[in-house]
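Reader: Please take a close look at the charged side chains in this model: which of them pair up, how well each is covered, and what surrounds any that stay unpaired. A plain account of the geometry is enough.

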Amino acid sequence: MDFYKIENTKAKFLKPKDLTGPKAEKELQTFIEENLDEIFSLKFIASELSLQRKELDTLAFDEENERVIIIE
């Protein structure tokens, strides 16, 4: 499916982001963390958190349901 951004009365094609290579996972994680509120309505808490010998990519908070969310 193609995506377009509407600017005034014109549609602009949005080119998909290439998520391959050694930095792809970190780039996606950073993008998600910077846009947690817009995408998931979550509040960012921490990144790369170690908890009981486990590494959590992203820790966020869901204010609506009052729950901590782990994104791996």
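Author: A residue counts as buried under 20% relative accessible area, as exposed over 50%, and as partly exposed in between, with a 1.4 Å probe and protein chains only. The model is predicted, so local features need pLDDT of at least 70 and side-chain atom pairs count only at pLDDT 80 or more, while totals for chains, interfaces and linings use all residues. Residues are numbered from 1 along each chain as its sequence is written, and side-chain values use heavy atoms, with hydrogens and water left out.

The structure holds 4 salt bridges (a side-chain nitrogen of Lys or Arg within 4 Å of a carboxyl oxygen of Asp or Glu). Three of the pairs are described here, beginning with K17 and E27.

The side chains of K17 and E27 form a salt bridge, with 3.5 Å from N to O. This pair links distant parts of the chain: K17 belongs to the loop between β2 (10–14) and α1, E27 belongs to helix α1, and the two are 10 residues apart. Helices (H or I, at least four residues) and strands (E, at least two) are DSSP runs, numbered from the N terminus. The two partners differ in class because K17, at 61% relative accessibility, is exposed, whereas E27, at 36%, is partly exposed. Helix α1 spans residues 24–34. L28 also has its place in α1 and is partly exposed, with a relative accessible area of 37%.

The bridge of E7 with K5 has its closest N and O atoms 3.7 Å apart. E7 is partly exposed at 37% relative accessibility, and K5 is partly exposed at 43%. In the pair of K43 and D37, the closest N and O atoms are 3.5 Å apart. Here K43 is partly exposed, with 35% relative accessibility, and D37 is partly exposed as well, at 41%. D37 lies within helix α2 (36–40), and K43 within strand β3 (residues 43–51).

Now to a charge without a partner. D62 is part of strand β4 (residues 54–62). D62 is buried yet takes part in no salt bridge; R67, the nearest side chain of opposite charge, is 6.7 Å away. Lys and Arg count as positive, Asp and Glu as negative, and His and the chain ends are not counted. Apart from neighbours within four places in sequence, D62 is in contact (heavy atoms within 4.5 Å) with L42, R67 and I69. R67 therefore appears both as a contact of D62 and as the nearest opposite charge, with no bridge formed.

Strand β4 also contains T58, whose side chain meets a charged residue by another kind of interaction. The T58 side chain makes a polar contact with the side chain of E33, at 2.7 Å. A polar contact is a pair of N or O atoms within 3.5 Å; within protein, one must be able to donate a hydrogen and the other to accept it, and residues adjacent in sequence count only if both atoms are side-chain atoms. T58 is buried, with a relative accessible area of 2%. Leaving out residues up to four places away in sequence, T58 touches Q29, E33, L36, F44, A46, I69, I70 and I71. F44, one of these residues, is 14 residues from T58 along the chain, and the C-alpha atoms of the two are separated by 7.8 Å.

Two further acidic residues deserve a check of their backbone. E48 has a positive phi of about 50° although E48 is not a glycine. E48 sits in strand β3 and is partly exposed, at 35% relative accessibility. E66 likewise has a positive phi of about 50° without being a glycine. E66 is placed in the loop between β4 and β5 (67–71). With a relative accessible area of 66%, E66 is exposed.
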